[in-house]
Amino acid sequence: MAAKGKRGSCWAGYKMAGMKKKKGRQVPNCIKTKAKKKK
């Protein structure tokens with residue numbers, strides 16, 4: 001089971017943008033946050 005910290009139930013580098021249905025149950029809809037551009 002994944003540990004839930006300050007960032008909620010999304011991975012590092014992702015943020016929660018509501019909920020979605022997956023296999024008949026509600027799960028967090030995690031989207032990638034804007035990353036810094038590397039030159």
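Reader: Which element gives the most to the lining of the largest pocket?

Author: To read a pocket, one looks at the residues along its wall and then at the elements they belong to. In this predicted model, strand S2 gives the most to the lining of the largest pocket, with 6 residues. The elements that give two or more residues to that lining are strand S1, residues 14-22, and S2.

Reader: How much space lies in the largest pocket, and by class, what residues does its lining have?

Author: A pocket can be described by its volume and by the character of its lining, and here the largest pocket holds about 310 Å³ of space. By class, its lining has 6 nonpolar, 3 polar and 3 charged residues, and among the residues that line it are Trp11, Tyr14, Lys20, Arg25 and Pro28.

Reader: Why is the pair of tryptophan 11 and tyrosine 14 edge-to-face?

Author: For two rings, one reads the distance between centres and then the angle between planes. A search of the whole structure finds 1 aromatic pair. The ring centres of tryptophan 11 and tyrosine 14 lie 6.1 Å apart and their planes stand at 85°, so the pair is edge-to-face, given that planes over 60 degrees apart count as such.

Reader: Is tryptophan 11 buried or exposed?

Author: This is read from the relative accessible area, where over 50% counts as exposed and under 20% as buried. Tryptophan 11 has 65% relative accessibility and therefore counts as exposed, whereas tyrosine 14, with a relative accessible area of 31%, is partly exposed.

Reader: Where is proline 28 found, and with which residues is it in contact, leaving aside its neighbours within four places in sequence?

Author: A residue can be placed first by its element and then by its contacts. Proline 28 is found in strand S2, which covers residues 25-32, and with a relative accessible area of 26% it is partly exposed. Leaving aside its neighbours within four places in sequence, proline 28 is in contact with Ser9, Met16, Gly18, Met19 and Lys20. The C-alpha atoms of proline 28 and alanine 17 are separated by 7.4 Å, although these two residues are 11 apart along the chain.

Reader: What does the secondary structure of the protein come to, and what percentage of its residues is buried?

Author: For a view of the whole chain, one turns to totals. The protein has 0 helices and 2 strands, and buried residues make up 5% of its 39 residues. Its accessible surface comes to about 4,300 Å², of which 56% belongs to carbon and sulfur atoms. Among contacts between residues at least 6 apart in sequence, 0% join residues at least 24 apart.

Terms used: Residues numbered from 1 in each chain as written. Predicted model: local features only at pLDDT ≥ 70, side-chain atom pairs only at ≥ 80, totals over all residues. Heavy atoms only, no water. Buried < 20%, exposed > 50% of the residue type's maximum accessible area, 1.4 Å probe, protein only. Contact = heavy atoms within 4.5 Å. Areas by Shrake-Rupley, 256 points an atom, 1.4 Å probe, with all protein chains shown as cover. Phe/Tyr/Trp six-rings, centres within 6.5 Å; stacked < 30°, edge-to-face > 60°. 1 Å grid on protein atoms, 1.4 Å probe; cavity = no way out; pocket = protein on both sides within 12 Å on 5 of 7 lines; lining within 4 Å. Points joined across faces, edges and corners; volume = space filled by probe spheres on them. Nonpolar A, V, L, I, M, F, W, Y, C, P; charged D, E, K, R; others polar.
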